[in-house]
Amino acid sequence: MDALMAGLVLGALCVAGDRTPWLAAILADRYRAARGLVIAAAALAFLGNYMLGALGGILVAPLLSPEARGLLLALSLILAGLGVSWRQKAPDRLTGWRLGPFGTSALGLAIMIFGDRMQFVAAALAARSPLPWLAAAGATLGALAVVVPAIVIGEARWMALPRRLICIASAAILTLSGVIIGLRSIALI
């Protein structure tokens, strides 16, 4: 259960400072009549990518000591915090894609999510957990907790939110958490 709750909180923090909700809001505006399909596609894209991350964590876990697993999580959180703090450019609006609401949303979001900061965090959480798949489930739920409201309110209202403040707060929480976990892993605190 530890991986589920940690994944949920970290998923929300990482995605809140990401371009993924922005793209989801763009797609929701484009496919107004099919917002449910955009939400389903986002859930599939997140779950698929975070399951890949968890699989990576499962594969690397036997090679690492418990301290090294803690340092891996600390590194992933610090890098996620640094990544969230960078300025974001607008995502590609996928205007040329003609795969329908579900196909465009699933593929577009999956490509954007692949290799993102939360996939690395999900791998680090899975490497530490006796139930590693819960890391992917929690990360997916946390990401959806941010993306679904973005889909519901649309791009204009999503962009009106204090996104820079959200990014700074997320970055501070992720970085501070990473530093604390790292120091605990090497027994300095």
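1. A residue is called buried here when its relative accessible area is under 20%, exposed when that area is over 50%, and partly exposed in between. By this reckoning glutamate 155, at 15% relative accessibility, counts as buried because its value falls under the 20% limit. The model in which these assignments are made is a predicted one, and the points below should be read with that in mind.

2. As to confidence, the protein averages a pLDDT of 95, and 99% of the residues score at least 70. Among the elements of the protein, the lowest mean pLDDT, 95, belongs to helix H8, which covers residues 163-185, while the highest, 98, belongs to helix H3.

3. Glutamate 155 has a charged partner: a salt bridge joins this residue to arginine 93, with the closest N and O atoms 2.6 Å apart. The pair links distant parts of the chain, since glutamate 155 lies in helix H7 (residues 133-160) and arginine 93 in the loop between helix H4 (66-84) and helix H5 (100-113), 62 residues apart. The two ends of this bridge fall into separate classes of accessibility, for glutamate 155 is buried at 15%, whereas arginine 93, at 38% relative accessibility, is partly exposed.

4. The loop between H4 and H5 also holds leucine 94, a residue that deserves a look at its backbone. Most residues other than glycine have a negative phi. Leucine 94, although not a glycine, has a positive phi of about 55°. The side of the question that concerns solvent is plain enough, as leucine 94 counts as buried at 7% relative accessibility.

5. Which residue of helix H2 can be set beside leucine 94 as a contact in space across a stretch of sequence? Leucine 27 has its place in helix H2, and its C-alpha atom is separated from that of leucine 94 by 8.3 Å, although the two are 67 residues apart along the chain. Leucine 27 is buried, with a relative accessible area of 0%.

6. A search of the whole structure finds 4 salt bridges, and one of them joins the side chains of aspartate 18 and arginine 117 at 3.5 Å, N to O. This pair, too, links distant parts of the chain, with aspartate 18 in the loop between helix H1 (2-16) and helix H2 (20-30) and arginine 117 in helix H6 (residues 117-128), 99 residues apart. Aspartate 18 is buried, its relative accessible area being 12%.

7. The loop between H1 and H2 also contains glycine 17, which counts as buried at 2% relative accessibility. Glycine 17 and valine 60 are 43 residues apart in sequence, and their C-alpha atoms lie 27 Å apart in space.

8. A further group of charged residues involves aspartate 29, which forms a salt bridge with arginine 32, the closest N and O atoms being 3.8 Å apart. Aspartate 29 is partly exposed, with a relative accessible area of 21%, while arginine 32 counts as exposed at 58%. Together with Arg35, the residues Asp29 and Arg32 are linked in a network of salt bridges.

9. Which residues form the nonpolar patch on the surface? They are Leu47, Met51, Leu52, Leu55, Leu59, Phe114 and Trp133, which together have about 680 Å² of accessible area. Helix H3 (residues 35-60) gives the most to this patch, with 5 residues. Methionine 51 lies in this helix and is partly exposed, with a relative accessible area of 33%; that value satisfies the accessibility condition for a patch, because patch residues need over 30% relative accessible area.

10. Helix H3 also has a residue turned away from solvent, namely alanine 45, which has its place in this helix and is buried, with a relative accessible area of 4%. Alanine 45 and alanine 187 are 142 residues apart in sequence and 38 Å apart in space, C-alpha to C-alpha.

11. Two remarks on aromatic residues complete the note. The structure holds 1 aromatic pair. Apart from that count, the charged end of arginine 163 sits over the ring of tryptophan 22, at 4.7 Å from its centre.

Definitions and conventions
Residues are numbered from 1 along each chain as its sequence is written. This is a predicted model: local features need pLDDT of at least 70, side-chain atom pairs count only at pLDDT 80 or more; totals for chains, interfaces and linings use all residues. Side-chain values use heavy atoms; hydrogens and water are left out. Patches are made of residues with over 30% relative accessible area and no salt bridge: like charges are joined within 9 Å, nonpolar side chains (Val, Leu, Ile, Met, Phe, Trp, Tyr) within 5 Å. Accessible areas come from the Shrake-Rupley method with a 1.4 Å probe; for residues, only the protein chains shown count as cover. Helices (H or I, at least four residues) and strands (E, at least two) are DSSP runs, numbered from the N terminus. Buried means under 20% relative accessible area, exposed over 50%, partly exposed in between (1.4 Å probe, protein chains only). Rings of Phe, Tyr and Trp (its six-membered ring) pair if their centres lie within 6.5 Å; planes under 30 degrees apart count as stacked, over 60 as edge-to-face and the rest as tilted. A charge sits over a ring if NZ of Lys or CZ of Arg is within 6 Å of the ring centre and within 35 degrees of the ring normal. pLDDT is the predictor's confidence in each residue, from 0 to 100.
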